[in-house]
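Hi everyone, and thanks for coming. Let me take you through a protein that may be new to you, starting from one residue and then stepping back.

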Amino acid sequence: MTEELEQILSQLTQPDNAIIQQATAQLKQAFKDPAIIPGLCAVMSGSQNPQIRQSAAVMLRLRVKKHWKKISPNDRESLKAVVLQAFMQETEHTVQHSLSQLCAVMVKHETPDRWPALLQLLNQSTKSSNPHDRQVGLLLLNKVIESNPEPFKPHYCQLLQLLRSVLEDHNNPTALYYCILTLTAITEFIGTEEMHLMRSILPNLIVALKCLIKADQNQASEAMEVFNELMESEVSVIVPHVADVVRFFLEVGSDTNLSDSLRVKALSCVTFLIKLKSKTVLKQKLLSPILQAIFPVLTAAPPPGEQDPEDEEDDSGDGTDNESPKHCAAQIIDTMALHMPPEKLFQQLMPLTQTCLASENPYQRKGGLMCLAVLAEGCADHIRTKILKSVLQTVCQSLSDSSEVVRSAGLFALGQFSEHLQPEVSTYCSELMPLLLGYLSSLNQAKVGHVTKAFYALENFMENLGADIEPYLPTLMETMLSALNNTDNLKIKELAVSAIGAIANAAKELLVPYFTPVIESLKGFLTTTTEEMRSLQTQSLDTLSVLARTIGKDVFSPLAAECVQLGLNLTNTIDDPDLRRCTYSLYSAVSIVTPDCLTPHLTAITTVMLYALKSSEGVTAHLEEDKAFVLLDDDDDENDEKDTEIFLEDDKGTDIHDVAGFSVENAYIDEKEDACEALGEIAFNAGCSILSYFSPQFPHEDVRRAAFGAMGQFCRAQHKVWKENPTEANQQALLKLLDIVVPCFLETVRREPERHVVMGVLESMNSVIKSCKEEVFKNPSRLKEISHAIRDVLKKKTPCQDSGGDEADDEDQQAEYDAMLQEFAGEGIPLVAASVPADNFFPFLNDLLPFIMNKAKSSCTVADRSFSVGTIAEILHALMSVSGGRGVAGRLSNRLLPVLVAGAKDSDPEVRNNSVFGLGCLAQAAGPIVVSDYPMMLSVFSNLLSKESDLRVIDNLCAALCRMIMSNVDAVPLEQVLPALVARLPLKEDQEENNTVFSCLAMLYTHSPALVQSKPHLHLFTFPIQNISVALMQKFAQNHSAEFQAAVTSLPAEQRDSLSAAITAS
């Protein structure tokens, strides 16, 4: 059989398809013979042709992988001996590579301890004085450990000592390469016993990588993955050496003589380290060295005759997404903004940025603008409250810069500001809108890439303007409709369609006059099936969804059914994840306007979306065979792959251990994310339950976050069904659903490493508690579990928070997004308080309050102080409406009163507003127990009222006085308080408190009619009239008709008619 097999394998290498097909058929037949394994062993050991020996090893590996259990024990032992003997006598590296992979597959079935000869060979070869033998031994060691690292765990200490000695062999770079890959493979599995050894290896590892960089940059780039693995699995190994590690990364990242891929790898490691251990980076004083190293990268000019990828012009205007060192430098600053306290970051960063912005070099100016742009998300509060005017002025000036690369960076920065610095940035509407419109009208349409950036800035700014967009609407729509009708450039049409969506978000019903021509254009785009229209169609669906949500139900409803059918037609005829994603958004929007239109199609729609969630389409598994051996010629490697592919046809699936990694196309990730969001919204609006088909176990964090959001929507949808039809079956369905979803939320908070996923989970859990209230807590353990999850986030004890280990934590300074995560947790406290009896919650509330109160200190940021007193106020407001709330509020009053009084004197109006609201709620919630504090509270309010200019604070002062009066009217000197109160009515900003004010006036009219009737205060009714106020006016009219009629006559005609109609109607 040996000769026959060798002949067949030889034919497989011939450049003739007919011969290859014949040989393949023969080989498949030979595989049915039990003697196939001894036959392949003989060929692998004895053939004179290395290519055939290699093919035999590949065939054996595939056979062993699938059929090990079918091989007799004797044949197994024989195979183990033959493979090792073949490996030791083999001289061709290509064959050694395939043999090492065969050994790796066998180790999966035969643990190392049951194959002592393998351990002996590894021990001898890796310690050999012959560099080549050592290199080949390390290849074998790498393959067998990489494929199955855990069974080698008992040998890790011995292995680490060996690898440390190999790392010192600087003259054998290939040995270094395999040594580092082996280190990477075991990192995830090391325990406390090996930790000390691993730490001691780190300095050797850095030196070894420097040697490897000189020998082979591609290998070095792959080997640097060891740092990502260390940071992800055992970051504590790096912390003692963090300064040396960062210096190494910066040296590599800054060296322009090295390849971009290697520099990107090094700079990406800096980004990851900052994300995981920002406090360590700050404590080790590494912020300044990092910034000093990356600014030259960020501001470097491209080689002569070239442009940066983002500045390149192409037909589509999309540019390129290739990562570059410059992109990574900007990403480092972006990550700093997201994970470091703004005060510490800006102190080091702004001098460098300002130097760049003042430079004569356009790429320096561009770098300065890019720096400002990437700061906007993570440091939004800091920029909005401290430097917004100056940075906006800088960005606006850049739009008239002589250099196009600077103008493009300015547009990007303005778009980022518009997205992240709301609402303050919109107050500059009168300065920015004319500038943007003028800029857009003067652009050369041929430069599509630059036009794209201009539209990006315009869209982001317009989207948040609301009614302030009205003066610019005619010009905007004339520009956009002209682009739709008069240009042949599909990219320009796509940009105009996208801009119309942004305009609609701001203008809402103001867009009605333009609705018909817009819809006609969109329909025209959506009924075409040509490939070049695909991107325009996707954008048209997006804009159609926005119009459905914003233009008004009466206007859009007649088109709803047609739009659903349009979406279904598209997905039935075109297989495109982006297109499907946009139809999900359209169905979701229609479910808000006219859910009945979806009912006939719900099965078809939800089936497509659930299939998208379960589908592995767009996921590519990269097989181990595709990874070339370091000394393998390209041609030989291709032959290895070709032979492998032939025999993979017999495999029913790919063994996960053969997969070196996965990649997923972004379009499919986006589709899954949008499917989650749409399913949740459709479930809530259309009342259908689909949780039984749904799981949040997605590898991509954006999809996970969307999935948790959908799960919250499913709970709210079932609660809505129960409320509308309160049967026992519907309540049990809700409780069953909550018992699935809430534990899933809590487990994610405990285990999830991605901060924004946890933020999404907390947001979703809060929405469920707000809607379902006490039903969430029917399970007796749930109150404790939710309270402890909130506590863990407030204590920074969850995996997604950089707790800083044993470092001293500066409570007063943290990254804005870290504070935001804690705010999401804190927002849950009043929601829980409103859902359970106060006495049940009190022990947990008592535990949580110190974390909230600590953020009210004057040294904390405005955002933290506002959050602190706002949360306290909402807790007190919640206690007003639950069983036992008065007693708990009374027990807490001595602790909370000083915090709220200090907040009422704060320099920031939002903090004052929240504190005043909280004082009113304290008076109402605690009742008689705080009456002794009324004089002090009234004194605080009197002082504040005499000098307060913020209208919202004044409104809340009025409401707080009303709460005090309603809680204990006899404790308030009405003769002094009521005139001051009435003089500041009607409320100007916080209309929600009208109910409080008129409840108080109605009560006073009953309690002290003489005080109220002395003058019917009809000037109060300059807003939509409420039931309480109407009832009060009716009493005035009945009991004091002459005075009432005189007062009515003095009102403006519109208010007079409105009041008369309301009183008559009731």
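Let's begin with Asp908. Is Asp908 buried or exposed? Its relative accessibility is 17%, and because the cut-off for buried is under 20%, Asp908 counts as buried. Please keep in mind that we are looking at a predicted model, so to speak, as we go along.

Now, where along the chain is Asp908? You'll find Asp908 in a loop, with α41 (885-904) on one side and α42 (909-926) on the other.

And which residues does Asp908 touch, if we leave out those up to four places away in sequence? They are Val862 and Arg865. Have a look at Ser866 as well: 42 residues separate Ser866 from Asp908 in sequence, while their C-alpha atoms are 8.6 Å apart in space.

Let's widen the view to the stretch around that loop. An unreviewed UniProt entry lists residues 896-934 as "repeat: HEAT". In the model, residues 896-934 are 72% helix and 0% strand, and 14 Å lies between the C-alpha atoms at the two ends.

Finally, the whole protein. How many helices and strands does the protein have? The count is 50 helices and 2 strands. There are 1066 residues, and 56% of them count as buried. If we take contacts between residues at least 6 apart in sequence, 75% of those contacts join residues at least 24 apart. As for the outside, the accessible surface is about 44900 Å², and carbon and sulfur atoms account for 50% of that surface.

That's my tour, and I'm happy to take questions.

Technical notes
Residues numbered from 1 in each chain as written. Predicted model: local features only at pLDDT ≥ 70, side-chain atom pairs only at ≥ 80, totals over all residues. Heavy atoms only, no water. UniProt positions renumbered as here; feature names shortened; annotations may be inferred. Helix = DSSP H or I, 4+ residues; strand = E, 2+ residues; numbered from the N terminus. Buried < 20%, exposed > 50% of the residue type's maximum accessible area, 1.4 Å probe, protein only. Contact = heavy atoms within 4.5 Å. Areas by Shrake-Rupley, 256 points an atom, 1.4 Å probe, with all protein chains shown as cover.
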